[in-house]
Amino acid sequence: MELGQMADTNSTRHDKFERSFEDFLGIEANSFTTERKHHQPTPKLINICDDEHREVREHLNGISRESSKWITDYLLQSDRVVVVNRDHFLELMKEWEKDPCETAP
């Protein structure tokens, strides 16, 4: 599971994701939702895109790229790994290869 799957705005894929998660957990159909409720902003946040955090961001981006490659090239090659909406998951993995500060609006 990639967190982007939980926030997917494509209702068909999102419903399939939730139902598959229920099957995996062995819980009643339509009892699981990824809908976020009453999100409260967290104080003391930093903006990782600020130049003062550049070194940390570069390090984290390196980890993200390596993780994406390992998940895609090795983990997903196992017949024991099940991924719901595989094409969408792979799209999300490609996003891990990008610096979010360079692609942010």
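In this predicted model, a nonpolar patch on the surface is formed by Phe-24, Leu-25 and Ile-27, which together offer about 320 Å² of accessible area. It is worth looking at two of its members in turn. Phe-24 is part of helix H2, and its relative accessibility of 68% places this residue in the exposed class, because that class begins over 50%. Ile-27 sits in the loop between H2 and helix H3 (54–73). With a relative accessible area of 36%, Ile-27 is partly exposed, since this value falls between the 20% and 50% limits. The patch thus draws on an exposed residue, Phe-24, and a partly exposed one, Ile-27. From Ile-27 to His-53, a separation of 26 residues along the chain, the distance between C-alpha atoms is 42 Å.

Helix H2 also leads to the next feature, the largest pocket. This pocket holds about 350 Å³ of space. Its lining comprises 17 residues, of which Met-1, Phe-21, Val-82, Val-83 and Val-84 are the closest to the centre. Two helices, H2 (11–25) and H4 (86–95), each supply at least two residues of the lining. The largest share comes from H2, with four residues. By residue class, the lining of the largest pocket divides into 14 nonpolar residues, two polar and one charged.

Taken together, helix H2 takes part in both features: Phe-24 of the nonpolar patch lies in this helix, and H2 gives the lining of the largest pocket its largest share of residues.

Note on methods: Residues numbered from 1 in each chain as written. Predicted model: local features only at pLDDT ≥ 70, side-chain atom pairs only at ≥ 80, totals over all residues. Heavy atoms only, no water. 1 Å grid on protein atoms, 1.4 Å probe; cavity = no way out; pocket = protein on both sides within 12 Å on 5 of 7 lines; lining within 4 Å. Points joined across faces, edges and corners; volume = space filled by probe spheres on them. Nonpolar A, V, L, I, M, F, W, Y, C, P; charged D, E, K, R; others polar. Patch = residues over 30% accessible without salt bridge, like charges linked within 9 Å, V, L, I, M, F, W, Y side chains within 5 Å. Areas by Shrake-Rupley, 256 points an atom, 1.4 Å probe, with all protein chains shown as cover. Salt bridge = Lys/Arg side-chain N within 4 Å of Asp/Glu carboxyl O. Buried < 20%, exposed > 50% of the residue type's maximum accessible area, 1.4 Å probe, protein only.
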